[in-house]
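Got a minute to go through this model with me? I'd like to ask about its confidence, its domains, its empty spaces and a few backbone oddities.

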Amino acid sequence: MNDQIAIPCVVMRGGTSRGPFFLASDLPAEPTLRDAILLSVMGGGHDLGIDGIGGGNAVINKVAIVGPASVAGADVDYLFAQVRVREGIVDTAPNCGNMLAAVGPFAIEAGLVAAAADRTHVRIHNVNTGKLIDATVATPGGRVTYEGEARIDGVPGTAAPIELSFPNAAGARTGRLLPTGRPIDRLEGIDVTCIDAAMPVMLVRAADLGWTGREAPSAFAEGGFRARLESLRIEAGRRMGFPDPASMVIPKPILIATAVEATLNTRYFMPHDCHSALAVTGAVAIATACVTPGTIAAEMVGLLAPPVTITLAHPSGQLAVRLEPGPVARVQRTARRIFEGHVFARRSHEPHPVLAA
């Protein structure tokens, strides 16, 4: 048809994120070739992703790659990629719990998982972390439905609920709940908690950096603050065992503050821009910190114990995490299939034989 590479693609919203979903068989298996294709597709090298389908915000510069399960006990593999279009980097170090919400529906409609008559349970192997996550998808009559009455803050309207369950989320990337061995570390005169539960994060009291924790995301654009937060994040990453955190999007920095109508106020960074809502994996990490003795979160809320629901306020509303003995963290999300067809990558990105066919 033309001199570009046509790749089957489905654009989906998962939770408060959005991005293209690909079958693993439609992309190169070799990471360098795969990442080059993704950068071409998303518009790498430009702040707005103008030459691709990416955008000017990290929540819509995300990619999900789904295929048959490679481990026992799972139904599908899910590899998440955060595309940093400005820098031209594809980062597969973290997981994304919001995009995860759309993996189940995508896998069912792609024929990777057979739909049940009412609700379909999909066990997802997150390749990034090696963890298993359970998703429950509404499939009345054996078909995925996206319409329903569930509402999540940060997304207009209502949709069918998708239940995500994170069993044993501790040590998603580092193998330890508290990677530094301490519930509080002192970095550059600031107390932080470095915790790894679904996502490695650095928690810091908003007040210690001069904020209330209730500001709009745009308030955090000031260069001096960003430089200081990044300096803290990089040092936290080193102490958590990451060799070059400056080149990674983990650990994610999170400002936390006391709240009146929630357990905590939160401002989550990705890692430089403030999220307009809250990452699911970040929410699991914050909630886990609330029940972990000695962390700054536990000190702020008073130590809680499962079973308990942790409600986290964010710029678009609230997100609730249900912690149960096991340990298990449960979150309700929604998803929507938005577009399906082909997306085009430039042939100059060394196409894989599968793509050139």
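What follows is a chat between a colleague and the modeller.

Colleague: Before we start, what average pLDDT does the chain have?

Modeller: This is a predicted model, so confidence is a fair place to begin. Of the residues, 97% score at least 70. The chain average is a pLDDT of 95.

Colleague: And over which residues is the pLDDT below 50?

Modeller: Where pLDDT is low, the predicted coordinates shouldn't be read in detail. The stretch in question has 12 contacts in the model beyond near neighbours in sequence. The pLDDT is below 50 over residues 351–357.

Colleague: How far apart are the C-alpha centres of domain 1 and domain 2?

Modeller: The domain assignment gives domain 1 as 4–168 + 334–349 and domain 2 as 185–326. Their C-alpha centres lie apart by 24 Å.

Colleague: How many residues does the contact take from domain 1, and how many from domain 2?

Modeller: Contact here is heavy atoms within 4.5 Å. Counted that way, domain 1 gives 18 residues and domain 2 gives 22 residues.

Colleague: Now the empty spaces. Where does the largest cavity lie?

Modeller: A search of the whole structure turns up four cavities of 30 Å³ or more, and the largest has a volume of about 220 Å³. Its lining takes residues from both domain 1 and domain 2, so the largest cavity lies between them.

Colleague: Which residues lie nearest the centre of that largest cavity?

Modeller: The lining has 17 residues. By class they divide into six nonpolar, six polar and five charged. Nearest the centre of the largest cavity are Ala-58, Arg-84, Arg-86, Glu-87 and Asp-273.

Colleague: What about the second largest cavity: where does that one lie?

Modeller: The second largest cavity holds about 80 Å³ of space. Of its 13 lining residues, Lys-62, Gln-82, Cys-96, Lys-252 and Tyr-268 are the closest to the centre. The lining has seven nonpolar, four polar and two charged residues. Both domains give residues to the lining of the second largest cavity, so it lies between domain 1 and domain 2.

Colleague: Let's turn to pockets. Which element gives the largest share of the lining of the largest pocket?

Modeller: The largest pocket has a volume of about 220 Å³. The elements that give two or more residues to its lining are β3 (62–68) and β4 (76–84). The largest share, four residues, comes from β3.

Colleague: How many nonpolar residues does the lining of the largest pocket have?

Modeller: Thirteen residues line the largest pocket, with Ala-24, Ala-29, Arg-34, Ile-65 and Leu-79 nearest its centre. One lining residue is polar and two are charged. The nonpolar count is 10.

Colleague: Side chains of opposite charge can pair when their charged atoms come close. Which side chain meets that of Arg-337 in a salt bridge?

Modeller: The structure holds 19 salt bridges, and in this one the N to O distance is 3.1 Å. Arg-337 sits in strand β17 (residues 335–346) and its partner in helix α3 (residues 103–109), so the pair ties together parts that are 228 residues apart in sequence. The partner of Arg-337 is Glu-109.

Colleague: On to the backbone. In which loop is Pro-307 found?

Modeller: Most peptide bonds are trans. The bond from Pro-306 to Pro-307 is cis, with omega near 0 degrees. Pro-307 is in the loop between α6 (296–301) and β14 (308–314).

Colleague: What omega does the peptide bond from Gly-326 to Pro-327 have?

Modeller: Pro-327 lies in the loop between β15 (317–324) and β16 (328–333). The bond from Gly-326 to Pro-327 is cis, with omega near -5 degrees.

Colleague: Last one: what phi does Glu-188 have?

Modeller: Most residues other than glycine have a negative phi. Glu-188 is found in the loop between β9 (185–187) and β10 (190–197). Though not a glycine, Glu-188 has a positive phi of about 50 degrees.

Notes: Residues numbered from 1 in each chain as written. Heavy atoms only, no water. pLDDT = per-residue confidence, 0-100. 1 Å grid on protein atoms, 1.4 Å probe; cavity = no way out; pocket = protein on both sides within 12 Å on 5 of 7 lines; lining within 4 Å. Points joined across faces, edges and corners; volume = space filled by probe spheres on them. Nonpolar A, V, L, I, M, F, W, Y, C, P; charged D, E, K, R; others polar. Domains from an automatic or database assignment. Salt bridge = Lys/Arg side-chain N within 4 Å of Asp/Glu carboxyl O.
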